[in-house]
Amino acid sequence: MVLKRPLRIAMQFARWITDLDWRFILLVLPPLSLLLFISISSLANPFSNLAPLRSILLNRTLPSGAVPVAANPRAPSDPASASRPWKDKLDRSRMAVCLVGGARRFELTGPSIVERILKVYPNADLFLHGPFDKNAFKFLLLKSAPRIAGVRIFRPEPIAESALELRVLTASNSPNGIQGLLQYFNLVEGCLAMIKSHQARHNFTYDWIVRTRVDGFWNAPLDPDNFIPGRYVVPPGSTYGGLNDRLGVGDLPTSTVALSRRSLIPQLDQAGFRQLNSETAFRAQLTTQNVTHVANRLPFCIVSDRQYVFPPSRFGVPVAAISSKGPLSGAKCRPCTPVCRGACVGQVMPVLDKGWSWTQWENGTLELCDAHGEWETGWEKIFDRVAGKALAKQRKRVWSLKLKDCVSEFEKMKRRTTSWQAPAADEICKVGLGYAR
């Protein structure tokens, strides 16, 4: 009796199997199996390569700029890999790099800008706005930039100081008084004018503008995370009561406000602002125009020949050794043998006012120079060791140039440039190399 019952069940099951519509089962079974497979993977996530497929099947679209799990299974532990899709998007965008200032130490800073900004974003159009002086010949180092849209090397002239500008601005702590501020504002806004002209001429608009100074030495690349839609990114520290204005990264609307240094002064006057330095005027520009800023640490410093008392007092200026690990976020620097490291830095830096010349120094990121005098003998070897062979070679090449080579390189650079406004290459090179000899 016990044996007959299982036998009867087996015979009934066989008849049921025979009566099934196998065409219907073969049609339905594969999708059901796939859905079951995806459901299991979403719980245990051992098959993360199906994340994009799961998104499609469930009618979901990944947010713009989001990284699918499948595309980056190491995302939590690999920040560089995590930002790759955003970097790819930036590489497909239209970007302008606005480079302003005089070329005094450009043989040290220029190659780092080319390698760590321009070649990192090879789609970016370079716009150079700088004065014609004895150092302008060094701008030929930009010849290796991937794209050059505009170059304007101009003969500086005094700028008339209006009563309005004298009310809003202050000469205090400016090496060249209010005239120096206006010349600097003119450099920055002049670069914006070059960008606008290029856009109008070619009937397009840029997505991003990076504005930096020619005297900045970069020891690491500009990170894609510094491009934030609707926000203007500046370095922290060196705020002098306002915002650090030594570099800025933003989309076109925020950058247009940030680079309008002189034309927005009347609005600052109407808002009641008085006696502003460059940094406080910069902050007032952004706040009155409702532009939100973000302070990110950035891997560059401003190479300076200026002399400062050491150790710095509360409102003194610390000068970083160019060998500091950083990021230095635009602090003043020079190539030196550091006189202050580790515990010494921990004693000096807390004395500084955080709203003035202070810069971040924790975790051994900062070493200090005694900058009360001229650059030390042998600074060249210090710089070459820090910069590496490729950048050191560029520094040496500038000072070994012959006149005909200088002129030839400027002419090659001119042929690669969409818009060129500058004295003749022969004049630029003679003034520069004649002084150098």
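Trp86, Tyr121, Trp208 and Phe227 form one aromatic cluster in this predicted model. The structure as a whole holds 15 aromatic pairs. The points below cover this cluster, a second tryptophan pair, charges placed over rings, the packing of two helices, and the setting of one threonine.

**The aromatic cluster**

- A pair of aromatic rings is described by the distance of the centres and the angle of the planes.
- Within the cluster, the ring centres of tryptophan 86 and tryptophan 208 are 6.1 Å apart and the ring planes stand at 85°; because an angle over 60 degrees counts as edge-to-face, the pair belongs to that class.
- This pair links distant parts of the chain, since tryptophan 86 lies in helix H5 (residues 84-91) and tryptophan 208 in strand E4 (residues 208-213), 122 residues apart.
- Both tryptophan 86 and tryptophan 208 are buried.

**A second tryptophan pair**

- Tryptophan 375 and tryptophan 379 have ring centres 5.0 Å apart and planes at 80°, so this pair is also edge-to-face.
- Tryptophan 375 is buried, as is tryptophan 379.

**Charges over rings**

- Tyrosine 121, a member of the aromatic cluster, has the charged end of lysine 87 over its ring, 4.9 Å from the ring centre.
- The ring of phenylalanine 204 has the charged end of arginine 94 over it, at 4.1 Å from the centre.

**Packing of helices H6 and H14**

- Two packed helices are described by the angle between their axes and the distance between the axes.
- For helix H6 (residues 106-118) and helix H14 (residues 389-399), the axes come within 9 Å and cross at roughly 135°.
- The crossing angle therefore makes H6 oblique to H14.
- The crossing of H6 past H14 is right-handed.
- On the H6 side, the contact is made by Glu107, Leu108, Pro111, Ser112, Glu115 and Arg116.
- On the H14 side, Leu391, Gln394, Arg395, Val398 and Trp399 meet those residues.

**The setting of threonine 365**

- Threonine 365 is found in the loop between helix H12 (343-348) and helix H13 (379-387).
- The relative accessible area of threonine 365 is 10%; because buried means under 20%, threonine 365 counts as buried.
- Leaving aside residues up to four places away in sequence, threonine 365 touches Arg297, Ser324, Lys325, Gly326, Leu328 and Gln360.
- Alanine 320 is 45 residues from threonine 365 along the chain, and the C-alpha atoms of the two are separated by 9.9 Å.

Terms used: Residues are numbered from 1 along each chain as its sequence is written. This is a predicted model: local features need pLDDT of at least 70, side-chain atom pairs count only at pLDDT 80 or more; totals for chains, interfaces and linings use all residues. Side-chain values use heavy atoms; hydrogens and water are left out. Rings of Phe, Tyr and Trp (its six-membered ring) pair if their centres lie within 6.5 Å; planes under 30 degrees apart count as stacked, over 60 as edge-to-face and the rest as tilted. Helices (H or I, at least four residues) and strands (E, at least two) are DSSP runs, numbered from the N terminus. Buried means under 20% relative accessible area, exposed over 50%, partly exposed in between (1.4 Å probe, protein chains only). A charge sits over a ring if NZ of Lys or CZ of Arg is within 6 Å of the ring centre and within 35 degrees of the ring normal. Axes are lines fitted to C-alpha atoms, for helices over the stretch in contact, and angles run from 0 to 180 degrees between N-to-C directions. Angles under 35 degrees count as roughly parallel, over 145 as roughly antiparallel, 65 to 115 as roughly perpendicular and the rest as oblique. A crossing is left-handed if the near helix is turned anticlockwise from the far one by less than a right angle, and right-handed if clockwise. Contact means heavy atoms within 4.5 Å.
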